[in-house]
Amino acid sequence: MTSSCWPCAVKCFSMLHLYRPLRVLLLRRAVLVLVVAGVLLTNGCLLRPSNKVAVPQLLTPVVEADTSRLIEEINRLSTVRSIRGKVDIQFLDTSFAKCGVAEKYKTADGTLTVQRPRQINLVIQIPFIGRDVAQMTSDGERFRVAVLEGDERFKRFVKGTNNAVYPKLETDGAEVDCGGDDKKRSAMNARAVGALSSLRPQHFTDALLIYPAAEPGSNLVYAQSEAFEEEPDARTGAKKNARVVRAYYVLAELQPTGENRARIVRRFWFDRVGEIRLARLQNYDEQGKLTTDVVYKETRTLGEEARYKLPSQIELTRPQDRYSIRLSYQAPDSVKIDQPYKTDFFDLKNSWNLPEVDLDARKP
């Protein structure tokens, strides 16, 4: 070292001595970085992932459509005038009930007839035995439900008005206690009969006979958006617990209620994978509460004439009434489409002399 550099070296040494704490801190950090890097390199974490993360696949091809095309599909479905067929009816166990109804009537047989406008005749039977569990009708304005199964105190003939809103019908104040086998059976019986008493046949007509959209003279407006939903992979040969992403169009039907205001009436979900298919229909009341949620599955050609491609499985959920039901056609080829039925067929009579419950008379 030359004599000219010596003063500078002394000065630098003095500065390092003065900032010794900083020098120690930097040294410690450098050592820590080297140790962490060594561990990562040893375990190969920087070279390959230790766990594979499955990313759900987007189903393709995804079909494009505008609002006019979606309305066209709704109106195609609305041309069906009547449907009659044998169905499997499953009461789905949901979180709505403390004791569900699935164990009581897991699956029942049914004969279903619906006809516009909002007419229905539904007979529910115990499988193989053929004994009626319930019968229900609606003539488009009033409904009638005969509960024929269960203890005598639960049997009843319920009638009311389609458009009215009623409080939940109780099962004669019966306590619902799920504990113990005997109590559980009694509770299931009470819940099952309560669910049957709460069924409103017109809910089925609205789900099966979809009303048209954008009718002439209507003040309804429509807003289209898209959605991507992650869901289980239901394709044939799919791996267990595999999930996929499905593309949807969502069409909201809105009714103006004032300046800068509107309420939602219905929301249509269209599956976009391969074709445009109505997959879900949601109905809302004037307060914006979800009243009916319908899921349509397994599109099939129904009827001997093969004129219509319609869903062969329908899942109907009524959140406010706390029940969920699945309908499946037993023989899609045997379903009768567009045959006319007489009006009195949709007017159920109390031929069993059951205790009658007039919901209109019970209203305050």
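**Entry 1: the cavity**

I began by looking for enclosed space, and I found that the structure holds one cavity of 30 Å³ or more; on a 1 Å grid over the protein atoms alone, a cavity is a set of points where a 1.4 Å probe fits but cannot get out. I noted that this is a predicted model, in which local features need pLDDT of at least 70 and side-chain atom pairs count only at pLDDT 80 or more, while totals for chains, interfaces and linings use all residues. I also wrote down that residues are numbered from 1 along each chain as its sequence is written, and that side-chain values use heavy atoms, with hydrogens and water left out.

Rolling a probe the size of a water molecule over the atoms shows where empty space is left. For the largest cavity I recorded a volume of about 110 Å³, where grid points are joined across faces, edges and corners and the volume is the space filled by probe spheres set on the points.

Which residues line the largest cavity? I listed Leu77, Ile83, Ala207, Leu208, Ile210, Tyr296, Leu310, Pro311, Ile314 and Tyr329, lining residues being those with an atom within 4 Å of a point. These divide into 10 nonpolar, no polar and no charged, where Ala, Val, Leu, Ile, Met, Phe, Trp, Tyr, Cys and Pro count as nonpolar, Asp, Glu, Lys and Arg as charged, and the others, Gly among them, as polar.

I then asked where the lining comes from, and saw that helix H5 (201-208) and strand E13 (308-318) each supply at least two of its residues, with the largest share, three residues, coming from E13. Helices (H or I, at least four residues) and strands (E, at least two) are DSSP runs, numbered from the N terminus.

H5 itself is mostly covered, since I found seven of its eight residues buried; buried means under 20% relative accessible area, exposed over 50%, and partly exposed in between (1.4 Å probe, protein chains only). Among these buried residues of H5 are Ala207 and Leu208, both of which I had already met in the cavity lining.

**Entry 2: rings**

I searched the whole structure for aromatic pairs and got four; rings of Phe, Tyr and Trp (its six-membered ring) pair if their centres lie within 6.5 Å, and planes under 30 degrees apart count as stacked, over 60 as edge-to-face and the rest as tilted. I looked up Tyr248 and Trp269, which form an edge-to-face pair, 5.8 Å centre to centre with 80 degrees between the planes. This pair links distant parts of the chain, with Tyr248 in strand E9 (residues 243-258) and Trp269 in strand E10 (residues 261-271), 21 residues apart. Both Tyr248 and Trp269 are buried.

Why is the pair of Tyr341 and Phe345 stacked? The ring centres of Tyr341 and Phe345 are 6.1 Å apart and their planes are at 25 degrees, so I entered this pair as stacked. Tyr341 counts as buried because its relative accessibility is 18%, whereas Phe345, at 30%, counts as partly exposed. I added that ring pairs link Tyr341, Phe345 and Phe346 into a cluster.

I next checked charges over rings, meaning NZ of Lys or CZ of Arg within 6 Å of the ring centre and within 35 degrees of the ring normal. The charged end of Arg280 sits over the ring of Trp269, 5.4 Å from its centre, and Arg116 lies over the face of Tyr211, at 5.8 Å from the ring centre.

**Entry 3: salt bridges**

Side chains of opposite charge can pair when their charged atoms come close. I counted 20 salt bridges, each being a side-chain nitrogen of Lys or Arg within 4 Å of a carboxyl oxygen of Asp or Glu.

In one of them, Arg69 meets Glu73 with the closest N and O atoms 3.9 Å apart. Because they are four residues apart in helix H3 (residues 67-77), Arg69 and Glu73 are separated by about one helical turn. Glu73 is buried at 8% relative accessible area, while Arg69, at 29%, is partly exposed.

I also followed Arg144 to Asp347, whose side chains meet at 3.4 Å, N to O, in a salt bridge. This pair links distant parts of the chain, 203 residues apart, with Arg144 in strand E6 (residues 142-147) and Asp347 in the loop between strand E15 (336-337) and strand E16 (356-358).

My last note is that Glu231, Arg246, Asp271 and Arg277 are linked in a network of salt bridges.

How values were computed. 1 Å grid on protein atoms, 1.4 Å probe; cavity = no way out; pocket = protein on both sides within 12 Å on 5 of 7 lines; lining within 4 Å.
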